[in-house]
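Ready for a few warm-up exercises on reading a protein model? Grab a pencil, have a look at the picture, and work through each task before you peek at the solution.

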Amino acid sequence: SNLDVYPNPSRDIFNVSFTSEKAQDLTVRVMNVLGEELIIDDKCNFEGNYYKAIDLTNYKKGIYLLQIKANSKIDNRKLILQ
């Protein structure tokens with residue numbers, strides 16, 4: 001609910017931030033439209049403020065999927081690379 005992804009659309013770097021109020025395992029991944037994982041960040045028992053700059057400079061322009069999985073919940077966001 002407190003997930004922030006900016007700027008979106010972007011030409012290169014997307015900033016992802018959120019707060020985990022309780023310790024939980026989480027996975028942050030970026031996939032292309034074919035479902036191929038491009039970036040993955042696994043955290044065990046993570047609690048607190050999460051921040052990651054995702055650099056898509058070397059990827060083709062288009063739509064990518066940001067997926068954040070925390071315990072049994074999954075949040076998906078579209079990333080638009082211009």
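**Exercise 1.** Find the residues that valine 30 touches, leaving out those up to four places away in sequence.

*Solution.* Start with the rule: a contact means heavy atoms within 4.5 Å. Going along the chain, valine 30 touches Glu36, Glu37, Leu38 and Ile39, then Ile54 and Leu56, then Tyr64, Leu65 and Leu66, and finally Leu79.

A quick note on the ground rules. This is a predicted model, where local features need pLDDT of at least 70 and side-chain atom pairs count only at pLDDT 80 or more, while totals for chains, interfaces and linings use all residues. Residues are numbered from 1 along each chain as its sequence is written, and side-chain values use heavy atoms, with hydrogens and water left out.

**Exercise 2.** Work out which residues have the most contacts inside the largest nonpolar core, and which strands build it.

*Solution.* First, the term: a nonpolar core is a set of buried Ala, Val, Leu, Ile, Met, Phe, Trp, Tyr and Cys residues joined through side-chain atoms within 4.5 Å. Buried means under 20% relative accessible area, exposed over 50%, and partly exposed in between, using a 1.4 Å probe and protein chains only. Next, the count: this core has 19 residues, and Val16, Phe18, Val30, Ile54, Leu56, Leu66 and Leu79 have the most contacts inside it. Then the strands: S2 (13–31), S3 (37–55), S4 (62–70) and S5 (73–81) each give two or more residues. S2 brings the largest share, six residues. As background, nonpolar side chains tend to be buried together in soluble globular proteins.

**Exercise 3.** Describe the chain as a whole: its elements, and how its radius of gyration fits its length.

*Solution.* Count the elements: there are zero helices and five strands, where helices (H or I, at least four residues) and strands (E, at least two) are DSSP runs numbered from the N terminus. The radius of gyration is 12 Å, close to the 12 Å that the globule rule gives for 82 residues, so the chain is as compact as a globular protein of that length. Here the radius is taken over C-alpha atoms, and the rule is 2.2 Å times the number of residues to the power 0.38. Finally, buried residues make up 37% of the 82.

**Exercise 4.** Is asparagine 2 buried, partly exposed or exposed?

*Solution.* Locate asparagine 2 in the segment before strand S1 (4–6). Its relative accessibility is 34%, so asparagine 2 counts as partly exposed. Beyond four places away in sequence, asparagine 2 touches Ser17, Phe18 and Thr19.
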